[in-house]
Amino acid sequence: MRNAPYGFLLPPAVLFVLFFALPIGYAVWLSFRKVRVSGLGLGSGARTEVWAGLQNYTEALTGGELLHGALRVLGYGCIVVPVMLGLALLFALMLDTEKVRLASFTRLTIFLPYAVPGVVAALLWGFLYLPDVSPFSYLLGELHLPWPDLLDGGPLYLALSNIAVWGGTGFNMIVIYTALRAVPAEVYEAAKLDGCSPLQIALRIKIPMVAPSLVLTFFFSIIATLQVFNEPTTLKPLTNSVSTTWSPLMKVYQDAFGRGDIHAAAAEAVLVALATLVLSFGFLRAANRRSRQEGAR
Amino acid sequence: MNALAARTNTTPGTAQGPPPRRRTALVPTVTLLLGALYCLLPVAWVVIAATKSGRELFSTFTFLPGSGFADNLRDLNTYRDGVYWRWMGNSALYAGLGALLSTAVSACGGYALAVYRFRGRETVFNILLAGVLMPPVILAVPQYLLLAEADLTDSYVSVLLPLVLSPYGVYLSRIYAAAAVPADVVEAGRMDGAGEWRIFTRVALPMMVPGLVTVFLFQFVAVWNNFLLPYIMLSDDEKFPITLGLYTLLEQGANTPALYTLVITGAFLAVVPLIALFLVVQRFWSLDLLSGAVKS
């Protein structure tokens, strides 16, 4: 009995060591190493792995490509996160209204994109962005309006954001809606007796009540946004505007498998992980401090 | 939905208060319908586009069905000796077997963390949770290199094993086990002389089933939708899952519009099974379980 919990924890622990701890440790180790080529780099002894110190890190940070990718992803995230969570909150509040019709149908439909792989979602929207096959360009053409090139420049950010919003809103809506339903009905009854309108109830009571799940969805959205890879990779064949290093993770992939420099890739991967941790935990701390202040008031 | 209806019915005010207005709440209903329309748009498009022949795709209005579905299907079936269906089969294998293993591991871990008091319990839990935060790429690239050392890359195992441990699955299992398995039931089992493993498999597991179904579905979707890991691990396209297969098809098709119809039909057929799965499953399983909601 005393050893039983350890027995049950053995399978997850072994997998954790093999597929989480070991790879992370190995990536950190690789990030401090580099390949030194002597002579022409031919023969078996010509390429040796040596200690590199922080060289991979300084190169990643000064090389420009990684930072440009980070800036692009930041711009993309500034669209995706507010729009996606705003819509998720709006739909959750609407579902939680009395006398709403077709609630189960709309709830399931808005959730459905969750079951569509990011690659397939990007592919579907990619075709809808192509002027040759898109229904929107057809309609605009009938109205004699020009078709904006959605896969270039600024609109590309909107095009990519739209794919993420489409795929992610439903899941976040469910998380927020679940939190809303946990609020006891008596709370609203009291507010209604005091003459609050449904809008006031939503703004003053419901949104503060679900603040913890909003924080949680925000937290996971930031992480997912920084790691965007599938959607821009899938759109790449359709446009020249998505480079092989468009997002930080694409840069890591490109360095590891395109250029074959695993040491640079490892340093960049560690940097992306650190940035993710700092940003997401920074946000959590800020959110906690805010709620504590409000509690004190 | 049922719970929502139940709540509005049992709200005290509606029974005795002023007569309930029959009017539909217009703004919420319309907002939700617009949201649903937005979510259905690409799906509706691909359903119709899959019926078009290559010529119709570029010449007729998008939302008019075409006449080429049978031809498209035949083209897809014969494309490289039906490799498309092999990708679908691979995806089913990766997602089905992977989710099954993952659920078993999550159940063990979640049960241990919920039922036992032992030193280091919270530490173990927090370390596991930290795994959620790791960008897949910081894992995937060294996972590839480590598996290459063991000569295991470009194999089914290389896509299956790294996804078996799901930190979110362990987290959900812990919540479900804590809510569904009462401590006195475990204690009663011990009184009857049952071993810990026997109590887990015979008593606790059946109680955890609704939660474990959720873990299974969550992980099934996560593996089915995964792209990065197979993209990194696999080079033999006989082992590709559907996401990677469609991607390579699109990559080749980008310059050959003749392949567009193949990609579109393939995307259509790839979307159908998961949507069907959710439509069937939601009849006896609540979406809310996905976010860790536990019925009281």
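**Exercise 1. The contact between the chains**

How many residues does the contact take from chain B, and how many from chain A? Then describe the chain B side by element and by class.

*Solution.* This is a predicted model.

Step 1. Count each side. Chain B gives 80 residues to the contact, and chain A gives 82 residues.

Step 2. Look for the main contributor on the chain B side. Helix H3 (residues 26-49) of chain B supplies the largest share of the side that touches chain A, twelve residues.

Step 3. Sort that side by class. The side of chain B that touches chain A holds 60 nonpolar, 15 polar and five charged residues.

**Exercise 2. The largest nonpolar core**

Find the residues with the most contacts inside the largest nonpolar core. Then list what B:Ala267 touches.

*Solution.*

Step 1. Take the core as a whole. The largest nonpolar core has 163 residues.

Step 2. Name its best-connected members. B:Leu246 and B:Ala267 have the most contacts inside this core.

Step 3. Ask which element gives the most. Helix H3 (residues 65-95) of chain A brings the largest share of the core, 15 residues.

Step 4. Go to B:Ala267. Leave out residues up to four places away in sequence. B:Ala267 then touches B:Val46 and B:Leu246 in chain B, and A:Val120, A:Leu123 and A:Leu124 in chain A.

**Exercise 3. Two chains side by side**

Set out the secondary structure, burial and contact range of each chain. Then check chain A against the globule rule.

*Solution.*

Step 1. Count the elements. Chain A has 13 helices and two strands. Chain B has 15 helices and zero strands.

Step 2. Read off burial. In chain A, 43% of the 297 residues count as buried. In chain B, buried residues make up 43% of 296.

Step 3. Check contact range. In chain A, take contacts between residues at least 6 apart in sequence; 70% of them join residues at least 24 apart. In chain B, with a separation of 6 or more, residues 24 or more positions apart account for 73% of the contacts.

Step 4. Test the overall form of chain A. A compact globule of 297 residues would have a radius of gyration near 19 Å, but chain A has 24 Å. Along the principal axes, the C-alpha atoms of chain A fill a box of roughly 85 × 75 × 40 Å.

**Exercise 4. Straight or bent?**

Compare the end-to-end span of helices H10 and H12 of chain B with the span expected at 1.5 Å a residue. Where does H12 bend?

*Solution.*

Step 1. Start with H10 (residues 167-180) of chain B. Its 14 residues should span 20 Å at 1.5 Å a residue, and its end C-alpha atoms are 20 Å apart, so the two agree.

Step 2. Turn to H12 (residues 196-225) of chain B. A straight helix of its 30 residues would reach 44 Å. The end C-alpha atoms of H12 are only 36 Å apart.

Step 3. Locate the bend. H12 of chain B bends by about 65 degrees at B:Val209. A proline, B:Pro210, follows within four residues.

Step 4. Place H10 in its surroundings. Its buried residues include B:Pro167, B:Tyr171 and B:Leu172. The buried residues of H10 pack against helices H6, H7 and H12 of chain B, and against helix H1 of chain A.

**Exercise 5. Buried or exposed?**

Classify A:Gly168, A:Leu61 and B:Arg80 from their C-beta neighbours. Buried needs 20 or more within 10 Å; exposed needs 12 or fewer.

*Solution.*

Step 1. A:Gly168 sits in helix H7 (residues 153-181) of chain A. It has 26 other C-beta atoms within 10 Å, so A:Gly168 is buried. A:Ser221 is 53 residues away in sequence, yet the two C-alpha atoms are 8.7 Å apart.

Step 2. A:Leu61 belongs to helix H2 (residues 55-62) of chain A. With 14 other C-beta atoms within 10 Å, A:Leu61 is partly exposed. A:Glu268 is 207 residues away from A:Leu61 in sequence, and 8.5 Å away C-alpha to C-alpha.

Step 3. B:Arg80 lies in the loop between helices H5 and H6 of chain B. It has 10 other C-beta atoms within 10 Å, so B:Arg80 is exposed. B:Arg80 is not a glycine, but its phi is positive, about 45 degrees.

Technical notes
Residues are numbered from 1 along each chain as its sequence is written. Chains are lettered from A and ligands numbered from 1 in the order in which they are written. This is a predicted model: local features need pLDDT of at least 70, side-chain atom pairs count only at pLDDT 80 or more; totals for chains, interfaces and linings use all residues. A nonpolar core is a set of buried Ala, Val, Leu, Ile, Met, Phe, Trp, Tyr and Cys residues joined through C-beta atoms within 7 Å. Two residues are in contact if their C-beta atoms, placed from the backbone, lie within 7 Å. Ala, Val, Leu, Ile, Met, Phe, Trp, Tyr, Cys and Pro count as nonpolar, Asp, Glu, Lys and Arg as charged, and the others, Gly among them, as polar. The radius of gyration is taken over C-alpha atoms; the globule rule is 2.2 Å times the number of residues to the power 0.38. The expected span of a helix is 1.5 Å times one less than its number of residues. The bend at a residue is the angle between axes fitted to the seven residues ending there and the seven starting there.
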